[in-house]
Amino acid sequence: MMAKSKKIYAVFQGHQPGLYLSWEEASNQVKGFHGAKYKSFFSQEEAIGWLRQCVISATEPVSEQLITLIKSTDLPEDDSMGTGQRIIIHTDGGASPNPGVGGYGVVLQQGRLRKELSAGYELTTNNRMEMMAVIVALEALKEPSTVVLHTDSKYVVDSISKRWVYGWMKRGWKKSDGKMAVNVDLWQRLLPLLKTHKVEFKWVKGHAGNTENERCDTLVNEAKNLKTLLKDTGYK
């Protein structure tokens with residue numbers, strides 16, 4: 001008789017979220033907890049993947065233990081994304097003051113793969129860093145991909161979803177009021193990427209407890225404080 005595979009229990013919502021090797025341990029975390037959310041798996045990889053998806057879709061703040069757990073099991077950064085499975089991207093960018101020292105932060109996720117990207121700049125603007133985050137994220141993909149991209153930038157989302165940018169381009173990068181559009185160099189870099197990849201943009205409210213958006217914000221702040229900052233050569 002074959003030995004029975006041992007289960008591993010993932011607790012997303014409970015007294016103490018995390019992974020447990022026995023039902024006795026796991027049940028102690030969910031008994032009496034209103035709205036407990038948990039699931040059993042036959043491998044740690046599956047359990048971590050499920051927890052990560054729970055974190056991505058969470059609408060309420062997530063415990064720091066879970067964030068630490070899913071980050072500690074990330075794969076090396078040279079693992080390529082893009083095998084037909086949908087890719088989840090979160091981006092953020094900013095400058096302080098505006099214009100001023102800026103940076104961007106990106107989190108890419110595909111199944112159990114996760115990658116974080118960031119960089120800081122000497123002088124730039126909020127909108128340029130929001131755009132740069134989206135560009136860098138899409139440029140990191142190795143092949144045409146289906147992407148759900150979360151950003152708290154209304155400038156980016158509305159310019160694309162309401163097709164303003166395509167009108168600017170058609171008029172020689174002039175807006176409807178006759179004034180020149182800004183950040184043309186970045187739009188010219190981004191639009192071809194939107195042809196290569198199938199991208200669904202989703203706006204998220206910034207600083208509202210979205211775990212990955214908050215992580216991107218942390219990456220932005222860390223990048224702005226780097227000793228060596230890049231030059232945003234396209235900023236006039």
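**Overall fold, helix α8 and aromatic contacts**

In the protein chain, 64% of the contacts with a separation of 6 or more join residues 24 or more positions apart. The model is a predicted one. Its protein chain holds eight helices and eight strands. The chain has 236 residues, and 49% of them count as buried. The exposed area is about 12,900 Å². Carbon and sulfur atoms supply 51% of that area.

Helix α8 spans residues 211-224. It contains 14 residues. From the first C-alpha to the last, α8 reaches 20 Å, close to the expected 20 Å at 1.5 Å a residue. Ten of its 14 residues are buried, so α8 is largely enclosed by the rest of the structure. The buried positions include the charged-residue names Glu212, Arg215, Asp217 and Lys224. Thr211, Asn213 and Cys216 are also buried in α8. Leu219, Val220 and Ala223 complete the list.

Aromatic rings provide a second set of features. The count of aromatic pairs comes to six. One of them joins tyrosine 9 and tryptophan 23. This pair is tilted, with 5.6 Å centre to centre and 45° between the planes. It links distant parts of the chain, 14 residues apart. Tyrosine 9 belongs to strand β1 (residues 8-13), whereas tryptophan 23 belongs to helix α1 (residues 23-30). Tyrosine 9 has a relative accessible area of 15%, under the 20% limit, and therefore counts as buried. Tryptophan 23 is partly exposed, at 39% relative accessibility.

Tryptophan 23 also pairs with tyrosine 38. Their ring centres lie 5.7 Å apart. The planes meet at 35°, so this pair is tilted. Tryptophan 23 is in helix α1 and tyrosine 38 is in strand β3 (residues 37-41), so the pair ties together parts 15 residues apart in sequence. Tyrosine 38 counts as partly exposed, with a relative accessibility of 42%. Through these ring pairs, Tyr9, Trp23 and Tyr38 are linked into a cluster.

Charged side chains also meet aromatic rings. Lysine 154 lies over the face of tryptophan 203. The distance to the ring centre is 4.5 Å. Arginine 163 places its charged end over the ring of tyrosine 166. Here the distance to the ring centre is 4.1 Å.

Methods
Residues numbered from 1 in each chain as written. Predicted model: local features only at pLDDT ≥ 70, side-chain atom pairs only at ≥ 80, totals over all residues. Heavy atoms only, no water. Helix = DSSP H or I, 4+ residues; strand = E, 2+ residues; numbered from the N terminus. Buried < 20%, exposed > 50% of the residue type's maximum accessible area, 1.4 Å probe, protein only. Contact = heavy atoms within 4.5 Å. Areas by Shrake-Rupley, 256 points an atom, 1.4 Å probe, with all protein chains shown as cover. Expected span 1.5 Å × (residues − 1). Phe/Tyr/Trp six-rings, centres within 6.5 Å; stacked < 30°, edge-to-face > 60°. Lys NZ or Arg CZ within 6 Å of the ring centre and 35° of its normal.
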